[in-house]
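Here is a short note for a colleague opening this structure. Please read it with the model on screen.

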Amino acid sequence: MVLREQRALVEKFPGSTVGESLKPVPLPDGQVDLYIDPKVFHPHFAADVSAEEAALYSITQRPATGAALGEPATGPQAWHTIPNYNLISGADRIIPPATQEFMAQRSGAKTQVVEGASHMVFVSRPGAAVG
């Protein structure tokens, strides 16, 4: 599952629903795929897209592997040496805005806050993503 360190970061500030949103699906090799539970996909992950769009995204989502979420970064991280940017979803219920701001400040990112945007900000507010 999600490593304690990652869960601690996501839950560093109140407001995350990631723990109650993830639906683990065991794989034959012993690994686990993690999906956002379709029952809560719309309110937790995509609250600012239509119910119809959220339903489609919920059944076509690609999983995150438990291993990928738990794998530590190795080598130098790019944000140490190149400019980076952070689009903060102001109404994100998966990674709370305060957590996003903490991570952006830690990396020295230039930030833009999109008020009212869910975790699916790139779908719901594409202009903010390219602007």
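1. A term to settle before the pocket comes up. A pocket is an open set of grid points where a 1.4 Å probe fits, with protein on both sides within 12 Å along at least five of seven lines. Its volume is the space filled by probe spheres set on those points. By that measure, about 170 Å³ of space lies in the second largest pocket. Keep in mind that this is a predicted model.

2. Which residues line the second largest pocket? They are Asn 86, Leu 87, Ser 89, Asp 92, Ile 95, Gln 100, Met 103, His 119, Val 121 and Phe 122. By character, five are nonpolar, four are polar and one is charged.

3. Now look at where that lining comes from. Strand E4 (85–89), helix H6 and helix H7 (121–124) each give at least two residues. E4 provides the largest share, with three residues.

4. Stay with H6, which spans residues 97–107. Its buried residues are Thr 99, Gln 100, Ala 104 and Ser 107. These four lie on the same side of H6, because they cover an arc of only 135° around the axis. In general, an α-helix has 3.6 residues a turn, so residues three or four places apart point the same way. Gln 100 appears again here, since it also belongs to the pocket lining. Just past the end of H6, Gly 108 takes a positive phi of about 75°.

5. Thr 99 deserves a closer look. Is Thr 99 buried or exposed? It counts as buried because its relative accessibility is 0%, and the cut-off for buried is under 20%. Thr 99 sits in H6. Setting aside residues up to four places away in sequence, Thr 99 touches Leu 9, Val 10 and Phe 13.

6. Val 10 is also a contact of Val 18. Val 18 lies in helix H2. At 15% relative accessibility, Val 18 counts as buried. Beyond its neighbours within four places in sequence, Val 18 is in contact with Val 10, Arg 93 and Ile 94. From Val 18 to Ala 68 there are 50 residues in sequence and 16 Å in space, C-alpha to C-alpha.

7. Next, the loop between helix H1 (4–10) and helix H2 (18–21). Gly 15 is placed there. With 48% relative accessibility, Gly 15 counts as partly exposed. Which residues does Gly 15 touch, not counting those up to four places away in sequence? They are Arg 93 and Pro 96. Gly 15 and Pro 96 are 81 residues apart along the chain, yet their C-alpha atoms are separated by 5.6 Å. Arg 93 is a contact of Val 18 too.

8. Turn to the sheet. Three strands make an open sheet in the order E1-E2-E3, with antiparallel pairing. Strand E1 (22–26) and strand E3 (64–65) stand at the edges, each with a single partner strand, so one side of each has no neighbour in the sheet.

9. How many bridges join E1 to E2? There are five. Among the pairs, Leu 22 is matched with Ile 36 of E2, and Val 25 with Asp 33 of E2. The hairpin of E1 and E2 has five residues between the strands, and in this hairpin Gly 30 takes a positive phi near 95°. On the other side, two bridges join E2 to E3. In E3, Ala 64 is the bridge partner of Leu 34.

10. Asp 33 ties several of these points together. It is in strand E2, residues 32–36. Asp 33 counts as buried because its relative accessibility is 11%. Apart from neighbours within four places in sequence, its contacts are Lys 23, Pro 24, Val 25, Leu 27, Pro 63, Ala 64 and Thr 65. Gly 75 is 42 residues from Asp 33 in sequence and 26 Å away in space, C-alpha to C-alpha.

11. Last, helix H3, residues 38–45. Its buried residues are Val 40, Phe 41, His 44 and Phe 45. They line one face of H3, because they fall within an arc of 135° seen down the axis. What do the buried residues of H3 pack against? They pack against H2, E2 and helix H4 (51–60).

Key. Residues numbered from 1 in each chain as written. Predicted model: local features only at pLDDT ≥ 70, side-chain atom pairs only at ≥ 80, totals over all residues. Heavy atoms only, no water. Buried < 20%, exposed > 50% of the residue type's maximum accessible area, 1.4 Å probe, protein only. Contact = heavy atoms within 4.5 Å. Arc of directions from axis to C-beta. 1 Å grid on protein atoms, 1.4 Å probe; cavity = no way out; pocket = protein on both sides within 12 Å on 5 of 7 lines; lining within 4 Å. Nonpolar A, V, L, I, M, F, W, Y, C, P; charged D, E, K, R; others polar. Pairing = 2+ DSSP bridges.
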